[in-house]
Amino acid sequence: MREHSELGVCVLLLALGALVLTDALTMDVDITQRGPVGPKTVPIVVGAGLLVIAALLAVDVLRGGHGEAEGGEDVDLSEPADWRTVLLLAGVFLGSAVLIEPLGFPVAGALLFWGAAFALGSRRFDKDPLIAAALSLSTYVVFNNLLGVPLPGGPLMGVL
């Protein structure tokens with residue numbers, strides 16, 4: 001089965017396409033429907049595209065096709081995986097998901113950006129928190145104020 005390991009990607013794309021289509025087809029859009037193209041259109045196209053790509057990739061893999069490493073790729077497959085970094089990143093993402101409601105996006109986002117930088121090897125303790133805070137605040141302002149996508153502000157809601 002090792003020569004057909006790319007079939008796992010096909011299964012993932014198939015499951016993701018089915019999930020997107022199921023969500024799109026069960027979406028309640030009576031209020032937001034204006035004209036023939038509504039909020040269901042793009043998710044249906046994306047879900048159908050995922051199913052088509054999964055099928056085409058599966059056919060290619062079963063016919064003997066496989067992914068080729070790029071010429072400039074510098075991954076040494078003989079080295080073991082860096083599980084410390086993977087677990088740190090997973091912890092940072094989960095922590096951010098848990099903290100976004102009580103602390104708000106600006107604080108949780110800053111912790112996410114700083115934690116991801118730390119997990120990936122940055123040790124600039126003087127600049128990383130400032131950059132993370134600036135990225136988080138600018139992301140919050142862009143989404144909340146400019147795009148109209150409400151994000152939880154947490155304790156900073158009255159300040160921002």
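This passage describes the fold, the charged residues and a nonpolar surface patch of a single chain, as seen in a predicted model.

The chain contains five helices and zero strands, and its elements, read from the N terminus, follow the order α-α-α-α-α. Of the 160 residues in the chain, 21% are buried. Among the contacts in the chain with a separation of 6 or more, 56% join residues that lie 24 or more positions apart. The area that the chain exposes is about 11,400 Å², and 70% of this area is supplied by carbon and sulfur atoms.

A search of the whole structure for salt bridges finds one. This salt bridge is formed by Asp 126 and Arg 124, whose closest N and O atoms are 3.6 Å apart, a distance that falls within the cut-off of 4 Å that is applied to such pairs. Asp 126 has a relative accessibility of 48% and counts as partly exposed, while Arg 124, with a relative accessibility of 41%, also counts as partly exposed. Both values lie in the range between buried, which is under 20%, and exposed, which is over 50%.

Arg 124 also enters the description of a second acidic residue, Asp 128, as the nearest side chain of opposite charge, at 6.3 Å. Asp 128 is buried and has no salt bridge, because a salt bridge requires a side-chain nitrogen of Lys or Arg within 4 Å of a carboxyl oxygen of Asp or Glu. Asp 128 belongs to helix 5, which covers residues 128–146. When residues up to four places away in sequence are left out of the count, Asp 128 touches Trp 114, Ala 117, Ser 122 and Arg 123.

On the surface, Val 98, Leu 99, Val 107, Leu 111 and Leu 156 make a nonpolar patch of about 360 Å². Two elements, helix 3 (83–103) and helix 4 (105–119), each give two or more residues to this nonpolar patch. Val 98, one of the residues of the patch, has its place in helix 3. At a relative accessibility of 60%, Val 98 counts as exposed, since the cut-off for exposed residues is over 50%; the value for Val 98 therefore also satisfies the requirement of over 30% that is set for residues of a patch.

Notes: Residues numbered from 1 in each chain as written. Predicted model: local features only at pLDDT ≥ 70, side-chain atom pairs only at ≥ 80, totals over all residues. Heavy atoms only, no water. Helix = DSSP H or I, 4+ residues; strand = E, 2+ residues; numbered from the N terminus. Buried < 20%, exposed > 50% of the residue type's maximum accessible area, 1.4 Å probe, protein only. Contact = heavy atoms within 4.5 Å. Areas by Shrake-Rupley, 256 points an atom, 1.4 Å probe, with all protein chains shown as cover. Lys, Arg positive; Asp, Glu negative; His and termini not counted. Patch = residues over 30% accessible without salt bridge, like charges linked within 9 Å, V, L, I, M, F, W, Y side chains within 5 Å.
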